[in-house]
Amino acid sequence: MKIYIVLFLIVGFLFYWFQVRPVMIRKVCNEYAYEQAKDTGQKRGIGLKEGWYVTDDRDYAYENCLHNKGLK
């Protein structure tokens with residue numbers, strides 16, 4: 001019976017580590033990258049409309065966030 005409990009805990013941990021955790025990190029990084037890209041555009045003063053951003057800034061911030069969180 002103890003082996004089933006240990007096996008269940010191992011499977012649960014592996015599911016969290018390889019399925020749930022990456023999704024949560026990507027969600028946080030996506031929100032972070034969006035905000036960073038908007039702030040960068042405003043600092044540059046390039047005259048973007050409200051809520052708009054440069055895609056390269058967003059992609060850079062997203063990849064950097066993923067790298068810092070250990071996904072890339």
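Let's start with Arg 58: at 15% relative accessibility, this residue counts as buried, because the cut-off for buried is under 20%. What you're looking at is a predicted model, so keep in mind that it is a prediction. Two things are worth a look here: a search of the whole structure turns up three salt bridges, and eight named side chains, Val 6 and Met 24 among them, form a nonpolar patch on the surface.

**The salt bridge at Arg 58**

- Who does the buried Arg 58 pair up with? Its partner is Asp 59, and the two side chains meet in a salt bridge at 3.4 Å, N to O.
- Asp 59 has 36% relative accessibility and counts as partly exposed, because that value falls between the 20% and 50% cut-offs.
- So this pair joins a buried Arg 58 to a partly exposed Asp 59.

**The salt bridge inside helix H1**

- Lys 38 and Glu 35 also get together, with their side chains meeting in a salt bridge at 3.7 Å, N to O.
- Both of these residues sit in helix H1, which covers residues 2-44.
- Along that helix, Lys 38 and Glu 35 are three residues apart, or about one turn.
- Is Glu 35 buried, partly exposed or exposed? Glu 35 is partly exposed, because its relative accessible area is 38%.

**The salt bridge between Lys 72 and Glu 63**

- Lys 72 forms a salt bridge with Glu 63, and their closest N and O atoms are 3.8 Å apart.
- Lys 72 reaches 59% relative accessibility, so it counts as exposed; the cut-off for that word is over 50%.
- Its partner, Glu 63, has 37% relative accessibility and counts as partly exposed.

**The nonpolar patch**

- Which residues make up the nonpolar patch on the surface? They are Val 6, Ile 10, Phe 13, Leu 14, Tyr 16, Trp 17, Phe 18 and Met 24.
- Put together, these residues have about 790 Å² of accessible area.
- Leu 14, one of the patch members, has its place in helix H1.
- With a relative accessible area of 40%, Leu 14 is partly exposed.
- Trp 17, also in the patch, is found in helix H1 too.
- Trp 17 is partly exposed, with a relative accessible area of 36%.

**A distance to try for yourself**

- How far apart are Trp 17 and Tyr 34 in space? Going from C-alpha to C-alpha, the distance is 25 Å.
- In sequence, Trp 17 and Tyr 34 are 17 residues apart.

Methods:
Residues are numbered from 1 along each chain as its sequence is written. This is a predicted model: local features need pLDDT of at least 70, side-chain atom pairs count only at pLDDT 80 or more; totals for chains, interfaces and linings use all residues. Side-chain values use heavy atoms; hydrogens and water are left out. A salt bridge is a side-chain nitrogen of Lys or Arg within 4 Å of a carboxyl oxygen of Asp or Glu. Helices (H or I, at least four residues) and strands (E, at least two) are DSSP runs, numbered from the N terminus. Buried means under 20% relative accessible area, exposed over 50%, partly exposed in between (1.4 Å probe, protein chains only). Patches are made of residues with over 30% relative accessible area and no salt bridge: like charges are joined within 9 Å, nonpolar side chains (Val, Leu, Ile, Met, Phe, Trp, Tyr) within 5 Å. Accessible areas come from the Shrake-Rupley method with a 1.4 Å probe; for residues, only the protein chains shown count as cover.
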